[in-house]
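Hi,

Here is the model I promised to pass on. Have a look at it first, then read my notes underneath.

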2 protein chains.
Amino acid sequence: MSQIPRIVIIGAGYGGIVTSIRLQKELNYNESDVTLINKHDYHYITTHLHMPAAGTDDPKNARVDISKLIDEFKVDFIKSTVVDINTDEKKVILEDGSVSYDYLVIGLGGEPETFGIPGLKEYALSIRSINSVNYIREHIEYMFAKYKNDESRTDYLTFVVGGSGFTGIEFVGELADRLPKLCNEFNVDPSIVRIVNVEAAPTALPGFDPELVKYAMDVLTEKGVEFMISTPIKECTTDGVILANGEEIKSQTVVWTGGIRGNSLVENAGFEAVRGRVKVDEYLRAPGFDDVFIIGDCSVMFKEDGKPFPPTAQIAMQQGVACAYNLAASIRGEKLKTFKPEIKGTVASLGKGEAIGVVGERKIKGYTAAVMKKIIDIRYLYNIGGISLVLKKTRL
Amino acid sequence: MSQIPRIVIIGAGYGGIVTSIRLQKELNYNESDVTLINKHDYHYITTHLHMPAAGTDDPKNARVDISKLIDEFKVDFIKSTVVDINTDEKKVILEDGSVSYDYLVIGLGGEPETFGIPGLKEYALSIRSINSVNYIREHIEYMFAKYKNDESRTDYLTFVVGGSGFTGIEFVGELADRLPKLCNEFNVDPSIVRIVNVEAAPTALPGFDPELVKYAMDVLTEKGVEFMISTPIKECTTDGVILANGEEIKSQTVVWTGGIRGNSLVENAGFEAVRGRVKVDEYLRAPGFDDVFIIGDCSVMFKEDGKPFPPTAQIAMQQGVACAYNLAASIRGEKLKTFKPEIKGTVASLGKGEAIGVVGERKIKGYTAAVMKKIIDIRYLYNIGGISLVLKKTRL
C-alpha cells in the first residue's frame, strides 16, 4: 500500500468538484492520493435546476460528466452512495464497500427542510437533483394530459410553489414561461392554469433590496403568478395545500422550495450539527477534527452580525478553493489559511430575459441583470471545464 | 326556415369526414343543408395514433383542423358532444342544444371493448383519441422519471400491451423504437425495461398470413418485445395484470388494444345493435330507417363466409364515399347504390423501417412494406386535404 496520505472527497457538487480540480493543481506528483466519491457519475449545476424542472431547458445542460472535469491520472473517481462516516476508523462507508482516508472533505448536498409541516415530505416535490427535476417536469406535462382526459379536474392545472426564496422565485419565473407553451401543445385554455407562490415570511426574497423585490414581483405578477406572502402552509395533502388561515388550494402539484438543511448523514456520523449543518472553524474543519473539512450545504459560517451565510454555490466554490489549499498545507505541515466568504453579487432570474440582482454595491434589473446572470453562469462553466464546456452547456 | 333537406353528420372520423367532403362535390347549390358535428374541432388520423402514443411522432401530425378540410360555405360545422339521438323527433341532442335532421349520418367512433375483464376499464389506458395518446405518452415518460427516483420499482419500467391485433402490434413496434431513447434520456439501464405483449387468441394478428405473422413476431422479438400468446388476461389491477394461468405481471402501464366495440350512444338511441354496432343494409342504412345512415365503427357488414369485416379506416372511407352518393340519391328520389367493402390491402407497421402486409394477393414485408404503408398514409392525406396536407403532416 502507498505510504502517501489519502484524501477522500465525498460529494461532487460545487464544493467537492472545485476542491478536486484545485487539488490537481496544488499537489505535486505522488504527494497524495485523491479520491472523489459521488452518487452519480456526473456533477450537476444546481443553480440551473429550476429550468429543466420547469421544462425550459434541457436537463443535459445542467449535467456534466465528472470524467470531463477531473484528470483521472490525478484523481480517482468512485461512483457510489455514502451511507456513513466512521471518524474513529477514518473510513467512509459506501453502500457497496468502504474507503479509508487520512483527510476527508465532506461536500455532500443538502436536503429539503420542511420545518415539520405535515405532508410536505410525502406529497410535495423538490428541486434537488437531475432525477428530481426530470420528475417534476414530467409530472407537470402529465397533469396537462390528465386534465385533457377529465376537464372537471382544474386542480391538475393549479401549480403551487411553496417558498418565495431564491429557488422559488427562479422556478415560478420559468414556470410562467413554460406553461403557456404546454397550453398550446395540449390545447388548454390558459385562463384555467394557475401558478400560486406561497411564502410564510412577510416578503418574497428575504434579504434582497425591497425595490428589487417589488420589481421581481411585478414582473412575475404580469406573467400570471399569484403571490400569497405572509401565508404559512399548515399542511400538504394529496388534494393540495391547507394554509394557516384555513383556506385550501386544490392542486396536484406542490413544489416545495421553502428551505434547505444539511445532510442527515453528517448528524448521524456524530458531528455537532444544527439541521445537518456543522459550524466549521476558520480553516473549514469540523470542530475537534483536523482531518475533516466540511464545505457547501453541510457547513455553516456566520456573518459579523451573527446571521449565517446562506448556502450558495458562490460560497461553496470559494470554500473549494480554500479547502484545496488547506489540504495541501496540512499534508506539508504548513500553515493553513483562514477562510471568509466574499459575496461578489447575487442575481435571481425571473424567466427569459428578466432578472434582478446586486453586483458589488450596484442594483441591476431587467435585461442587464439577465445578461449578468448569464455571465456568472458562463464564468462558472469556464472555471471548471474551460471554453469547451461553456460552448457545450450554454443556451444563449 | 329553409325548405331544403338538412343532412346532419355526427362524428368527423374517417367515415364522417369523407362523407362531408364528398357531399360538397355531389350536391348542387341549395340542394341540401349539411351540418357536421364533432366533439373536437379537429379530425384525427386514428391509424397514426400508435405513434404519438409511444412518442415516436408529434401528435400534431395525427391531427387536422376540420376547418382545413371542409368548405365552410358548403358545410356547417358545430363543435359539440352528441349525448343522444331522438329518431322519433329526428333530432340530435347535444350537450348544449339540439339539431334537427332530415337525414342523419352516424359516424361516431367506437369504444374499447374490455369483454368484462375486471379492472381493464378502470386501470388500463387505451389508444383512442389525441387526448388519450397524449396521456399515454406522458404517462410513459413519467414512469421513467418515477423509476429514477425509486429504483426498486421496476414495475414502473414494465409496459404491458394487451392485445396483439393490428393496433397492439403497431404500438409495440413504436414502443420498442422509443423506449431505448427514453433509457438514454433518463440514464436508465435498458435491460430493466420490458415490453410484454399479451394476447388471448392462439396467434398474433389473427386473420393475417401465418408467414407474415411469424416475420412480424421475429422482428419485434429482436427489438426486445416479449410475446405471451394464448394467454388471456384475467384481471387488471393497480399493480399490473393477473393472467388466466395465475401469473402476475407487475406493471404501472397497461395499454389495452384487445378489442373495439361500437358507440354505446347508438344502443341507447334504440338502434338494433350488437356491442354498439348496427348491421346496416346494403345502402348503409340502419334497419327500419331510410333516413339514418351508419358508417365506420358503429356499423357492421358481413363477408360471404359469414364473418364480420373488421372496423378499419379503409372500409370507413369507402363507406363515406358511398354514403355521400346515397344521400344525394335519397334527396333526389333516385336509386341508391349498394355498397360492398373492397379490401385493397392491409399493411401493419412494426416500427421504423419495418412492416408486413398484403396488397392485392401479394405478401410484402420489411422495407418494401414500410414504404407501402407510407404511400397508403400519404394517399389518405392527399384525398382529404390535397398536397398541402401531405407536406404538412408527413414525416418522411
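Below is what came out of the analysis, mostly on how the two chains meet.

Some housekeeping: this is a predicted model, so local features need pLDDT of at least 70 and side-chain atom pairs count only at pLDDT 80 or more, while totals for chains, interfaces and linings use all residues. Residues are numbered from 1 along each chain as its sequence is written, chains are lettered from A and ligands numbered from 1 in the order in which they are written, and side-chain values use heavy atoms, with hydrogens and water left out.

Symmetry first. A turn of 179° and a shift of 0.0 Å along the axis lay chain A on chain B with an RMSD of 0.1 Å (least squares on C-alpha atoms of residues with pLDDT of at least 70 in both copies). That is how a two-fold axis relates its copies. The copies meet through the same surface, because 100% of the interface residues of chain A are interface residues in chain B too.

Now the contact (heavy atoms within 4.5 Å). Each side is listed with 19 residues from chain A and 19 residues from chain B. Together the chains bury about 1900 Å², 47% of it on carbon and sulfur atoms (accessible area lost on being put together, 1.4 Å probe, summed over both). Tyr135(A), Glu138(A) and Tyr142(A) supply 32% of what chain A buries there, more than any other three residues.

As for polar links, eight residue pairs are in polar contact, both at pLDDT 80 or more (N or O atoms within 3.5 Å, one able to donate a hydrogen and the other to accept it; sequence neighbours count only through side-chain atoms on both sides). Salt bridges number zero (Lys or Arg side-chain nitrogen within 4 Å of an Asp or Glu carboxyl oxygen).

Cheers

Notes
Buried area = accessible area lost by both parts, 1.4 Å probe.
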